[in-house]
Every structure is written in C-alpha cells, then in structure tokens.
Amino acid sequence: MSLPEILEASVFLVENAALGRQPYPGMAAIYIMPASQAAIEVIAQDFTPPSKRLVSGRTGPMYASAHCFFTTSLSEGLLAELARSPASPYVQTLQELFLDFVPAESRVYHLG
C-alpha cells in the first residue's frame, strides 16, 4: 500500500516515530513497529507527561490512545515493560503481525 492510498483511507497523518512529532492529544495513534526496546521506549515516551510545559503547549500525553501493532514477536520482557510504562492505560490494541519474512522475488517469499 502506498502513502497516497493510506491517506485516502482516512488516515490523518503518517510520521516516523524516530523523528520529532507534533502532539495530537485528541487523536488516537497507530504504531506499526518491530518489537524492540527502542519501540517500547518511543511508545512510553509519547504517553509520559512532560515535566514542564513545552513550546508546543503539551502538558499531557501526545495522543488520546494507542493502537500498537508489532511486526515481530513481542517477548515477555518487552510486554512487561510496556505494561509498566505510562502508556499502559492508553493502549487499546496490542497485536503481533509476524511480518518478519524475506521476499525472494516479487511473488515469492521465504519464512526461514
């Protein structure tokens, strides 16, 4: 699916979680990321209220809720860390997609 097709499907905005992002406290965020320590930290940080009022005016979480889709298997340790994080009450969806495969050709792929 291309970016224009995603935006036509009523998706408001697509952003890279590794870069600075503008808060949308009235909207839900959809995270599609590999299951990693860095991904859990990004999600937790987005829902950690800042210690002081930021230039953007944000005083609370960046988003109203989170829908988390992990492209690889989520370990028990990472799941526990997410459950202990400030994001935990905001997570509405948590799903593993198991998209870790290598395409050998345009219509052939290998799972090993």
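Ring pairs join Tyr31, Phe47, Tyr63 and Tyr90 into one cluster. Keep in mind that this is a predicted model. The chain around that cluster has 3 helices and 5 strands, running α-β-α-β-α-β-β-β along the sequence.

**The aromatic cluster**
- Searching the whole structure turns up 3 aromatic pairs.
- Take Phe47 and Tyr63: their ring centres sit 6.3 Å apart with the planes at 55°, so this pair counts as tilted.
- Phe47 is in the loop between α2 (37–46) and β2 (63–70), while Tyr63 is in strand β2, so the pair ties together parts 16 residues apart in sequence.
- Phe47 also pairs with Tyr90, and this one is stacked, at 5.0 Å centre to centre and 25° between the planes.
- Tyr90 belongs to the loop between α3 (76–84) and β3 (91–96), so its pairing with Phe47 ties together parts 43 residues apart in sequence.

**How covered those rings are**
- Phe47 is buried, at just 1% relative accessible area.
- Tyr63 counts as buried too, at 7% relative accessibility.
- Tyr90 comes out as partly exposed, at 28%.

**A greasy spot on the surface**
- Leu3, Leu7, Val11 and Val14 make a nonpolar surface patch of about 300 Å².
- Leu7 from that patch lies in helix α1 (residues 3–8) and is partly exposed, with 39% relative accessibility.

**The chain as a whole**
- Out of 112 residues, 26% count as buried.
- The chain exposes about 7,700 Å², with carbon and sulfur atoms supplying 58% of that.
- Among contacts with a separation of 6 or more, 67% come from residues 24 or more positions apart.

Methods
Residues are numbered from 1 along each chain as its sequence is written. This is a predicted model: local features need pLDDT of at least 70, side-chain atom pairs count only at pLDDT 80 or more; totals for chains, interfaces and linings use all residues. Side-chain values use heavy atoms; hydrogens and water are left out. Patches are made of residues with over 30% relative accessible area and no salt bridge: like charges are joined within 9 Å, nonpolar side chains (Val, Leu, Ile, Met, Phe, Trp, Tyr) within 5 Å. Accessible areas come from the Shrake-Rupley method with a 1.4 Å probe; for residues, only the protein chains shown count as cover. A salt bridge is a side-chain nitrogen of Lys or Arg within 4 Å of a carboxyl oxygen of Asp or Glu. Helices (H or I, at least four residues) and strands (E, at least two) are DSSP runs, numbered from the N terminus. Buried means under 20% relative accessible area, exposed over 50%, partly exposed in between (1.4 Å probe, protein chains only). Contact means heavy atoms within 4.5 Å. Rings of Phe, Tyr and Trp (its six-membered ring) pair if their centres lie within 6.5 Å; planes under 30 degrees apart count as stacked, over 60 as edge-to-face and the rest as tilted.
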